[in-house]
Amino acid sequence: MSPRLNLLAPGVRANPYPHYAELRRSSPVCQVDPGGLWAVTRFDDVTAVLKNPQLFSSEGMRRATCPSWLEDPPFAHSMVVQDPPVHGRLRALVGRAFGPTALSRMEPWVRNLAESFAAQLPAGQPIDFIDAFSRPLPAGVMGELLGLDVSLQPRFARWADDLTSTSSVQPGDTRRMEQIRTTVREARGFLSEVLAQRRRRPGNDMVSDLIATRVEGDALTEAELLSFFFMLLIAGLETTTHLLNHSVRMLIEHPQVAERVRADLSLVPKLVEEVLRFEPPVHAIMRVTTAETELGGARLPAGAWVLVLLGSANRDESRFPDADQFRIDRPGPQNLPFGHGIHFCLGAPLARLEARLGLESLLSRFSAIASRGPVTWNLSLSVRGPRELPVELLPG
Ligand code: HEM
């Protein structure tokens, strides 16, 4: 019997796609390391899991984010850890926050933000693209949406890091637990203050809209509002940073595509869509089985931890012809980077908007982007991206 694949081995992190392809071919649903999680790799099995929250519960997301040592866990009331019917109620209450009307209200200031960050980038010298552009842009957008002071944005990366690492804290590591509790208290303090201000003086912004939203007389409670804001801080930062990073990597690796898109910026959405398929920022999401079941030829016990590999489904050759080729002319968004079913990413239109406006501002200002060093990869099962992205922007 071949040894179990370790998805966190450095070689696999650097290029997981041949390993995913082998699993799709030989054992489409099987146990992998770390932890003997049940990996699901084929497009059809992935969509089947995500369409069936009764059998594949988001309790998996709750257990990963709400450990018992964290009193009052920040994500306890957030919809990403809920199953029906609780999930449906929350989703109905926040749905409009990222709908078409809200998006058209955001577009002008997101464009201004993208252009002002691009204008500060130095041409003709090596920079870390993440520090200089791909982290500040989503942080600026999220800070503005949540009404947080600009001076807090440098803290967001630490907040996100602490809030997403609860599941990897070792049982006796009380120092790390206290660090994370401190971060939760700090972030909760600032978010509660914004809520209190908007309750006193509502404005034309997302926080005020969410406080005022009523669906058949029902409203979000204070705890639900805070959980939602905590989740936005996490969901909208690293994911969008890596969408920008992967887009720039693809432009560097495919100079003809870069030339075509620079000459015709209306192709940017197609570029973004293919980056989302070819290099999705979210490679995996978690579910837990509520009963014994069969999937892809494997028998899963009740309570099995299921790792839904979106990164593999997006390269499934039975769904995407020449799946390992980067081609911006593929028809329509049939990819799975934002999940599927009831938990389909609420922020997908905003992520696409940020990527489009960010890339437009770079492509119209600089004549080319060149790599200035190797990429090292982060160590997370869910969000895959570079730790640093050394590049040089050539003047336009
Ligand atoms: C490229 C960027 C992004 C990617 C790849 C991404 C990916 C995902 C995925 C895969 C899910 C499904 C989780 C599950 O089924 O358990 C999800 C859910 C979610 N995302 Fe995103 N996301 C991105 C950006 C954003 C942004 C910018 C926001 C908000 C501002 C956001 C807010 C959310 C929310 C609220 C959910 C939970 C939806 C629910 O449970 O019903 N995401 N995202």
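In this predicted model, the ligand is surrounded by 29 residues, of which His87, Arg91, Arg287, His343 and Cys345 come nearest. The shell is made up of 20 nonpolar, 7 polar and 2 charged residues. Five secondary-structure elements each supply at least two residues of this shell: helix H5 (86-94), helix H12 (222-235), helix H13 (238-253), strand E5 (284-289) and helix H17 (348-365).

Polar side-chain atoms of His87, Arg91 and His343 approach oxygen atoms of the ligand. The distances are as follows.

| Residue | Distance from a polar side-chain atom to a ligand oxygen atom |
|---|---|
| His87 | 2.7 Å |
| Arg91 | 2.7 Å |
| His343 | 2.6 Å |

Away from the ligand, the report turns to salt bridges. The count for the model comes to 33 salt bridges.

Helix H2 (residues 17-26) holds both partners of one of them, Arg25 and Glu22, which sit 3 residues apart, about one turn of the helix. The closest N and O atoms of Arg25 and Glu22 are 2.8 Å apart. Arg25 counts as exposed because its relative accessibility is 57%, over the 50% cut-off. Glu22, at 37% relative accessibility, falls between the 20% and 50% limits and therefore counts as partly exposed.

Arg24 forms a salt bridge with Glu317, with 2.9 Å between the closest N and O atoms. This pair links distant parts of the chain: Arg24 lies in helix H2, whereas Glu317 lies in the loop between helix H16 (310-313) and H17, 293 residues away. Arg24 has a relative accessibility of 4%, under the 20% cut-off, so this residue counts as buried. Its partner Glu317 is partly exposed, with a relative accessible area of 45%.

Glu292 and Arg299 also meet through their side chains in a salt bridge, at 2.7 Å from N to O. Glu292 counts as exposed because its relative accessibility of 51% is over 50%. Arg299, at 47% relative accessibility, does not exceed that cut-off and so counts as partly exposed. Elsewhere, Glu71, Glu178, Arg181 and Arg185 are joined into one network by salt bridges that share partners.

Technical notes
Residues are numbered from 1 along each chain as its sequence is written. This is a predicted model: local features need pLDDT of at least 70, side-chain atom pairs count only at pLDDT 80 or more; totals for chains, interfaces and linings use all residues. Side-chain values use heavy atoms; hydrogens and water are left out. A residue is near a molecule or strand if one of its heavy atoms lies within 4 Å of it. A polar contact is a pair of N or O atoms within 3.5 Å; within protein, one must be able to donate a hydrogen and the other to accept it, and residues adjacent in sequence count only if both atoms are side-chain atoms. Helices (H or I, at least four residues) and strands (E, at least two) are DSSP runs, numbered from the N terminus. Ala, Val, Leu, Ile, Met, Phe, Trp, Tyr, Cys and Pro count as nonpolar, Asp, Glu, Lys and Arg as charged, and the others, Gly among them, as polar. A salt bridge is a side-chain nitrogen of Lys or Arg within 4 Å of a carboxyl oxygen of Asp or Glu. Buried means under 20% relative accessible area, exposed over 50%, partly exposed in between (1.4 Å probe, protein chains only).
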